[in-house]
Amino acid sequence: FVSDLTTKELTEKLVEEIVDDNQIPEDYQIKDCEGLTICPGLIDLQLYGDHEDLFSAELNAESLARISQQLAKKGTTSFMMTLATNTILLFKEAIEIAKSFHHPGFLGLHLELIISATADIIDDLLKNANSVVKMMTIAPELIEDEALAKLQSYNLILSAGHSAATFEQGTLGFDKGIQTS
């Protein structure tokens, strides 16, 4: 339910809660949306940018804000900003920007770390990330067990991708905790 909104305002606000009719607070006004379709917003977990903005090319909060605005116009209400394989330095810069970006639809960062990373490299990258990195795509054949365990200690969603893994290497990666591809 959303309090006292026009149809236009309704499309620009977040739904506070879904409740039974008998649980709607007395001070809320029911709006009849007859003839309209109301649907949930889309969630994009792998997005590099939108419209004229590529986040890795224009690494700043203003770029994230413009991307957020463009997505909302298309029905995407939540997103995870993805950075393709890049330098650790660029990833760290993106993490710092993301830590200070506050938008209700911004879910965090999805990094594509397609390198032979050690546990020390992963710790160096994520130790000050304040949980802003939510997902990481890795190539199962490039990640050693110690590095994979370090990634798992940060409670990330791990995805296999951009990989030349054999069937056996890929299966072993999933067996060791890579959740998705």
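Two strands count as paired if DSSP finds at least two bridges between them. Keep that rule at hand for these exercises on a predicted model.

**Exercise 1.** Work out how strands S5 and S6 pair, and which residue of S6 stands opposite glutamate 112.

*Solution.*
- Start with the ranges: S5 covers residues 106–113 and S6 covers residues 133–138.
- Next, count the bridges: there are 5, and the pairing is parallel.
- Finally, look across from glutamate 112: threonine 137 in S6 stands opposite.

**Exercise 2.** Find the strands at the edges of the sheet and explain what sets them apart.

*Solution.*
- Write down the order of the 5 strands in this open sheet: S1-S4-S5-S6-S7, with parallel pairing.
- Strand S1 (42–47) and strand S7 (157–160) each have a single partner strand, so one side of each lacks a neighbour in the sheet.
- From one strand to the next, the twist averages 20 degrees.
- Now add helix H2 (residues 61–73), which packs on the sheet and touches S1, S4 and S5. The direction of H2 makes about 140 degrees with that of S4.

**Exercise 3.** Show that glutamate 96 and lysine 99 form a salt bridge, and decide how exposed glutamate 96 and lysine 99 are.

*Solution.*
- The cut-off between side-chain nitrogen and carboxyl oxygen is 4 Å. Here the closest N and O atoms are 3.0 Å apart, so the pair qualifies.
- Both residues lie in helix H3 (residues 88–100), and because they are 3 residues apart, about one helical turn separates them.
- Glutamate 96, at 43% relative accessible area, is partly exposed; lysine 99, at 27%, is partly exposed too.

Notes
Residues are numbered from 1 along each chain as its sequence is written. This is a predicted model: local features need pLDDT of at least 70, side-chain atom pairs count only at pLDDT 80 or more; totals for chains, interfaces and linings use all residues. Side-chain values use heavy atoms; hydrogens and water are left out. Helices (H or I, at least four residues) and strands (E, at least two) are DSSP runs, numbered from the N terminus. Axes are lines fitted to C-alpha atoms, for helices over the stretch in contact, and angles run from 0 to 180 degrees between N-to-C directions. Contact means heavy atoms within 4.5 Å. Buried means under 20% relative accessible area, exposed over 50%, partly exposed in between (1.4 Å probe, protein chains only).
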